[in-house]
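Work through the exercises below with the sequence and the 3D view open. Try each task before reading its solution.

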Amino acid sequence: MKKILAAFALFVFLGQNGLCVTVTSAGSGNWNSTTANAPWPGGTVPAAGNDVVIANGHTVTITAATATIANLTVDAGGTLVWSSSAPSSKHLTMTGNLTVNGTVTMTEKGDLNFNTGGNTFSIGAAGTFTFYPASNTSAGATVFTNGAESFNATGTLIISKWYDFGVPLAQNM
């Protein structure tokens, strides 16, 4: 009986903490592309709960309506961009942290949602983040309202649209 309980406890622990997969871009392409290495290894699109790294020299374009992941890191020289093409906005939902050491460009069709409070949103020394949300509401600004910002003094933050000038952008910038 003790072995069964120990095995169950290990299964529960691994189910919640140990099965996260890190998917690193292998080339450039659209987020939902199933073409091998354009951008994902073997053409396997990151699944909900995966950590994602966009590597140096790669550009990944969000073209689908919705994607959900855990953590996202854009390496120096890497680029994440939201497609500005019709028909609708493109949502990237995150349950973890966002680290920008490369370039992230949200177009007027983009939304980046931090599902839970306390996620870290950091911009590194050479990082650039352009914020231009599709839904110009508090729901579209969760990267700021739910995030704990950590911006390097030489990083770049461009805010093209902000939903409420009465709401402070950050406490620790």
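## Exercise 1: A parallel sheet

Task: find how many bridges join β5 to strand β8, and in which direction the two run.

Solution. Four bridges join β5 to β8 (residues 90-94), and the two strands run parallel. Strands here are DSSP runs (E, at least two residues) and helices are too (H or I, at least four), numbered from the N terminus. Two strands pair if DSSP finds at least two bridges between them. The model is a predicted one, in which local features need pLDDT of at least 70 and side-chain atom pairs count only at pLDDT 80 or more, while totals for chains, interfaces and linings use all residues. Residues are numbered from 1 along each chain as its sequence is written, and side-chain values use heavy atoms, with hydrogens and water left out.

Next, pick out individual bridges. Thr-66 has His-91 in β8 as its bridge partner. Thr-68 has Thr-93 in β8.

Now widen the view. β5 and β8 belong to an open sheet of three strands, ordered β5-β8-β11 with parallel pairing. β5 (66-69) and β11 (110-114) are the edge strands, each pairing on one side only. On average, neighbouring strands of this sheet are turned by 15° against each other, direction ignored. That angle is taken between axes, lines fitted to C-alpha atoms, on a scale from 0 to 180 degrees between N-to-C directions.

Last, look at the faces of β5. Ala-67 and Ile-69 make up the covered face. Thr-66 and Thr-68 make up the uncovered one. In a regular strand the side chains alternate between the two faces of the sheet.

## Exercise 2: Where to trust the model

Task: state which element of the chain has the lowest confidence and which the highest.

Solution. Use pLDDT, the predictor's confidence in each residue, from 0 to 100. Helix α1 (residues 2-18) is lowest, at a mean of 44. Strand β3 (residues 51-54) is highest, at 98. The chain average is 82, and 78% of the residues score at least 70.

Then inspect the weak stretch. Over residues 5-17 pLDDT stays under 50, and the model has two contacts (heavy atoms within 4.5 Å) for them beyond four places in sequence. Where pLDDT is low, the predicted coordinates should not be read in detail.

## Exercise 3: Aromatic pairs

Task: classify the ring pair Trp-31 and Trp-40.

Solution. The structure holds four aromatic pairs. Rings of Phe, Tyr and Trp (its six-membered ring) pair if their centres lie within 6.5 Å; planes under 30 degrees apart are stacked, over 60 edge-to-face, the rest tilted. The centres of Trp-31 and Trp-40 are 5.3 Å apart with planes at 75°, so this pair is edge-to-face. Both Trp-31 and Trp-40 are buried. Buried means under 20% relative accessible area, exposed over 50%, partly exposed in between (1.4 Å probe, protein chains only).

Repeat for Phe-129 and Phe-131. Their centres are 6.5 Å apart and their planes at 20°, so the pair is stacked. Phe-129 and Phe-131 are buried. Together with Phe-121 and Phe-151, Phe-129 and Phe-131 form one aromatic cluster.

## Exercise 4: Three residues in their surroundings

Task: decide whether Ser-122 is buried or exposed.

Solution. Ser-122 sits in strand β12 (residues 119-123). Its relative accessible area is 15%, so Ser-122 is buried. Setting aside neighbours within four places in sequence, Ser-122 is in contact with Leu-98, Thr-99, Val-100, Ser-150 and Phe-151.

Apply the same steps to Thr-103, in strand β10 (residues 103-105). Thr-103 has 28% relative accessibility, so Thr-103 counts as partly exposed. The C-alpha atoms of Thr-103 and Thr-79 are separated by 4.7 Å, although these residues lie 24 apart along the chain. Beyond four places in sequence, the contacts of Thr-103 include Thr-79, Val-74 and Thr-128.

Finish with Asp-75, in the loop between β6 (72-74) and β7 (79-82). Asp-75 is partly exposed, at a relative accessible area of 27%. Val-53 lies 22 residues away along the chain, with 7.0 Å between its C-alpha atom and that of Asp-75. Beyond four places in sequence, Asp-75 is in contact with Val-53 and with Asn-101 and Gly-102, among others.
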